Amino acid sequence: MKILHTADWHLGLELHGVSLLDAQRQMVRALAEAAQREGAEALLISGDVFDRVQAPPEAIALYDEAMALFLNELRIPVYLIAGNHDAAPRLGSLRAVLQRLHLHVAGRLDPFARPLLLEDCALYLLPHFGPDEARYFFPDAQIAGSARAMEVVLEQLKRSFPDDRRKLLLAHCFAAGGQAGGSDRSAQVGGSGRVPLETFEGFDYVALGHLHAPQTLRGFIRYAGSPLPYSFAEAGQAKSATLLDSQTLALRPIPLPCPYELVERSGRAEELVAFAEENRGSEAYCSLRLTDRAVDYAIERRLRELLPGLLLLQGQAPSLQADAVLRPEELSALSPLSLLRRYMQSVEGAPPDKEQEAWFLRALEAEGPPPSA
Ligand SMILES: [Mn+2]
């Protein structure tokens with residue numbers, strides 16, 4: 001049987017304030033096409049269906065649309081678990097009802113759940129959970145951290161291993177040796193959170209979610225990765241879903257197209273302006289970093305005019321010189337014009353010219369005197 005494994009959709013995610021919902025809709029369709037083309041007989045989604053616990057209505061509507069597409073149109077059963085970004089009880093609601101319609105959801109941890117049988121496979125759906133939840137079920141197990149919690153829960157699941165079927169696990173966690181970075185930065189980094197790979201021994205395939213770069217560990221543990229790049233750090237990272245053959249246990253990445261382009265550049269102001277002029281009007285989402293100065297209004301306006309997709313503009317913080325620091329009584333003794341001169345000198349490296357000073361004074365007059373503290 002062919003099984004399509006995906007994870008970390010993060011429906012409703014915004015990239016620096018820009019909604020990616022249209023791209024996510026295209027992603028869902030690309031996945032459905034791939035499932036059909038490859039003859040997949042099941043879809044696994046290993047957590048983080050939504051980006052936030054309070055998912056926006058448009059994201060919930062896209063989830064509905066996606067499930068209708070796979071279940072009603074393609075007639076492919078869906079197996080999904082809650083990730084750390086999902087509202088577990090909400091995602092898991094109507095579980096027993098939906099199960100009859102071949103939508104199998106694990107919201108909250110149930111270490112005693114029986115595996116779901118599908119042809120030659122037994123599927124174990126293990127949502128994201130914390131040590132506290134594991135302690136609730138196993139109060140005597142001495143569970144100090146997430147790694148031990150996973151060990152205890154998997155021991156329980158392994159008790160119901162059938163002899164004659166492939167054992168598939170869906171889980172959402174940080175497996176030891178996995179490479180984080182980018183939009184999964186909030187993934188727990190550090191000692192007790194990482195699950196040693198031996199813990200997964202016994203399963204034939206471990207369909208993981210949590211880390212956003214697709215990667216295989218020990219040949220049978222696989223992060224499908226997010227289907228789209230969700231940060232500039234992932235610009236150029238090939239995204240995919242994973243096709244598993246349950247008979248041979250062969251894995252094949254199914255590349256997914258990205259409907260938008262991410263561009264990251266850093267350089268001196270003149271270089272970035274030249275880059276922006278060359279790419280005038282480009283729809284690409286851009287992140288620019290000035291290496292020689294701070295961001296000011298003039299350069300920001302110039303770059304935004306040229307690049308409508310500019311999402312992030314950063315600059316060098318001005319270095320604060322000792323004589324730039326003022327005591328409160330010195331500060332209140334300075335005139336607005338002297339303050340402007342000091343400010344421009346410190347941020348721009350030069351005082352304002354006569355014209356700028358005239359603008360400033362006119363604006364100050366129009367605005368009235370500054371409110372007194
Ligand atoms: Mn995620």
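Me: Where does His102 lie in this model, and what makes it partly exposed?
Reply: In this predicted model, His102 sits in the loop between α4 (95-100) and β6 (103-106). His102 has 15 other C-beta atoms within 10 Å. A buried residue would need 20 or more, and an exposed one 12 or fewer; His102 is therefore classed as partly exposed.

Me: What is notable about the phi of His102?
Reply: The phi of His102 is positive, at about 75°, although this residue is not a glycine.

Me: Why is His210 called buried?
Reply: His210 has 26 C-beta neighbours inside 10 Å. The cut-off for a buried residue is 20 or more, so His210 counts as buried. His210 belongs to the loop between β12 (205-209) and β13 (215-217). Its phi is near 130°, a positive value in a residue other than glycine.

Me: How do you know whether Asp140 is buried or exposed?
Reply: Asp140 has 6 other C-beta atoms within 10 Å. The limit for an exposed residue is 12 or fewer; Asp140 is therefore exposed. Its place is the loop between α5 (131-137) and α6 (146-158). The C-alpha atom of Asp140 is separated by 71 Å from that of Pro352, which is 212 residues away along the chain.

Me: What is the strand order of the open sheet of six strands, and what makes β6 and β16 (251-255) its edges?
Reply: The order is β6-β5-β4-β1-β15-β16, and the pairing is mixed. β6 and β16 each have a single partner strand, so one side of each is left without a neighbour in the sheet, and both stand at the edges. On average, neighbouring strands of this sheet are turned by 20° against each other, direction ignored.

Me: How do you know that β15 and β16 pair?
Reply: Pairing requires at least two bridges between two strands. Five bridges join β15 (residues 240-245) to β16, so the requirement is met. The two strands run antiparallel. As one example of a bridge, Leu244 has Leu251 in β16 as its partner.

Me: Which helices lie on these strands, and at what angles?
Reply: Helix α1 (residues 21-38) packs on the sheet and touches β1 (2-6), β4 (42-45), β15 and β16. The direction of α1 makes about 160° with that of β1. Helix α2 (residues 57-73) lies across β4, β5 (78-81) and β6, and runs at about 150° to β5.

Note on methods. Residues are numbered from 1 along each chain as its sequence is written. This is a predicted model: local features need pLDDT of at least 70, side-chain atom pairs count only at pLDDT 80 or more; totals for chains, interfaces and linings use all residues. Helices (H or I, at least four residues) and strands (E, at least two) are DSSP runs, numbered from the N terminus. Axes are lines fitted to C-alpha atoms, for helices over the stretch in contact, and angles run from 0 to 180 degrees between N-to-C directions. Two residues are in contact if their C-beta atoms, placed from the backbone, lie within 7 Å.
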